[in-house]
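Visitor: Hi, could you walk me through this one? I'd like to start with the pockets.
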Amino acid sequence: MSSVGAGYDLSSTTFSPDGRVFQVEYAQKAVDNSGTVLGLRVRDGVVLAIEKPVISKLAVPGANRRILSADRSVGMAGAGLAADCRMVVNRARGECQNYKHFYGSAMPTEVLAERIASYVHLFTLYWSVRPCGASTLVAGCDQSGGERTPQLYLVEPNGVVQRFYGTALGKARQSAKSEIEKLDLSSMSAKEAVKAAAKIIYQVHDESKDKQFELEMTWIAPETDYEHRRVPADMLAEAEAEAKAAIEAMDE
Amino acid sequence: MPHAVSTGTTIVAVEYAGGVVIGADSRVSTGTYISNRASDKITPLSDNAFLLRSGSAADTQLVSDYVRHMVHQHESQLQRPIDVPTVANLVMQIGYNNKNALSAAAMLVAGYDAATRQGHVYAVPIGGTMVRQKYAIDGSGSIFIYGYCDSEYKDDMTREEAESFVAEAIALAMSTDGSSGGVVRLVTVNEDGIFRRLHAGDKSVPRFGEEKDVHKDLTDKANAMQT
């Protein structure tokens, strides 16, 4: 070994002398380089939005989705390696099915988020696997009594779960988060949040680095009967048009 | 096999306007011998749901022990009281996954959910069936009271009506069924909590032919139809 403190980043089973696990931190870097992902938990629902870079002009619009459903009313938006995101969502689907089969009711979002976290955490414990290069936003709307409670959780590669009113991941997470902080999420409706999310994604998009992107957006709201659905095309187009107009107005 | 300890039984559960009333007799038989004349076949599964046991005492006690364990774990994780349908589903899962090991036993799950202000009655026999019903009866004594229950059950009864419906149904079954007897145990679950009552095997328990008003009404009805 050339110097003290070097060589500790090759395995997730060894701590560095100052108590870090570098492999897990590198997995987080994979997430941080991803297209921006946004989650807003508002009064009556949850909105997930993602800035998906267009890799090729030949790519089919709307394909290669990054926001997927884990259950009828659970949405998951993944940042980081697409394949790792898919793996996590597949696991989440299994957990939801299993829970519903055993308990006869839909899985509470918190329980799901914790189980996903336990799953990705396993990948930080053994030398034979690499950590999961994906963070996921888990959105749900739990039913307790007649009430629906919107929920938003973040699951990180290190196995940490956090509950949020709103958060952002990926390249422009910092500026996106400070934009989210300006919103009054607790009084906002899901319909308004769709527009707000579109606006933020367009606002934080760095045109000098990534030219083309596709805005992918889903929601769980009274309008969707509290199921996780894609935002309808006309509504998305309207939100995008408004976002573009607002940004042009700001530039002037 | 020597005679198994069996709760040759009458169990009744009914949903009413503000909760549920459940009841059971108290006889436990080992063949012809009554090994317990004052047992409790109404077993709590959670703070708000009960299991009414009939059939093999050993098997149904084991089921209730497992379910109580799972309910405890589930409530610890969710940090809220479990729903009655979920409790019933757990009983069903154990009954389905062990249908070859458990001897035939009919169980009823009943309880009240404060969150939804809703009473629930489920019939959950071994095998994996689970059916929500407005009222349910089971056990060896139940065959004698189908007629009584069919004619006397009403939707949205008051608590008092529901309690006397259940008490009377069990008392009638006890008077005819040799494997049902002892005392009538009643539990009412509603918004205000859990209320246990007991009718000792004295004059407060009617027998066929010397029933109280309800049966006098029935006899009158029957006589009226004949004339």
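Visitor: Which element gives the largest share of the lining of the second largest pocket?
Guide: Happy to help, and do keep in mind that this is a predicted model. Helix 2 of chain A gives the largest share of that lining, with three residues. Both helix 2 (82-103) and strand 2 (45-53) of chain A supply at least two lining residues each.

Visitor: And what volume does the second largest pocket have?
Guide: Its volume is about 530 Å³.

Visitor: Which residues lie nearest its centre?
Guide: The lining has 26 residues, and A:Lys52, A:Pro53, A:Ile55, A:Asn64 and A:Arg66 are the ones nearest the centre. By class, the lining is made up of twelve nonpolar, seven polar and seven charged residues.

Visitor: Switching topic: is A:His205 buried or exposed?
Guide: A:His205 counts as buried because its relative accessibility is 11%, and the cut-off for buried is under 20%.

Visitor: Where is the place of A:His205, then?
Guide: A:His205 sits in the loop between helix 5 (190-204) and strand 9 (213-220) of chain A.

Visitor: What does A:His205 touch?
Guide: Leaving out residues up to four places away in sequence, A:His205 touches A:Glu51, A:Asp210, A:Lys211 and A:Phe213.

Visitor: One more: which residues in helix 1 of chain A are buried?
Guide: Helix 1 spans residues 22-32, and A:Phe22, A:Val24, A:Ala27, A:Val31 and A:Asp32 are buried there.

Visitor: What covers the buried residues of helix 1?
Guide: The cover includes strand 4 (74-80), strand 5 (134-144) and helix 4 (173-181) of chain A.

Notes:
Residues are numbered from 1 along each chain as its sequence is written. Chains are lettered from A and ligands numbered from 1 in the order in which they are written. This is a predicted model: local features need pLDDT of at least 70, side-chain atom pairs count only at pLDDT 80 or more; totals for chains, interfaces and linings use all residues. Side-chain values use heavy atoms; hydrogens and water are left out. Buried means under 20% relative accessible area, exposed over 50%, partly exposed in between (1.4 Å probe, protein chains only). Helices (H or I, at least four residues) and strands (E, at least two) are DSSP runs, numbered from the N terminus. Contact means heavy atoms within 4.5 Å. On a 1 Å grid over the protein atoms alone, a cavity is a set of points where a 1.4 Å probe fits but cannot get out, and a pocket is an open set with protein on both sides within 12 Å along at least five of seven lines; lining residues have an atom within 4 Å of a point. Grid points are joined across faces, edges and corners, and a volume is the space filled by probe spheres set on the points. Ala, Val, Leu, Ile, Met, Phe, Trp, Tyr, Cys and Pro count as nonpolar, Asp, Glu, Lys and Arg as charged, and the others, Gly among them, as polar.
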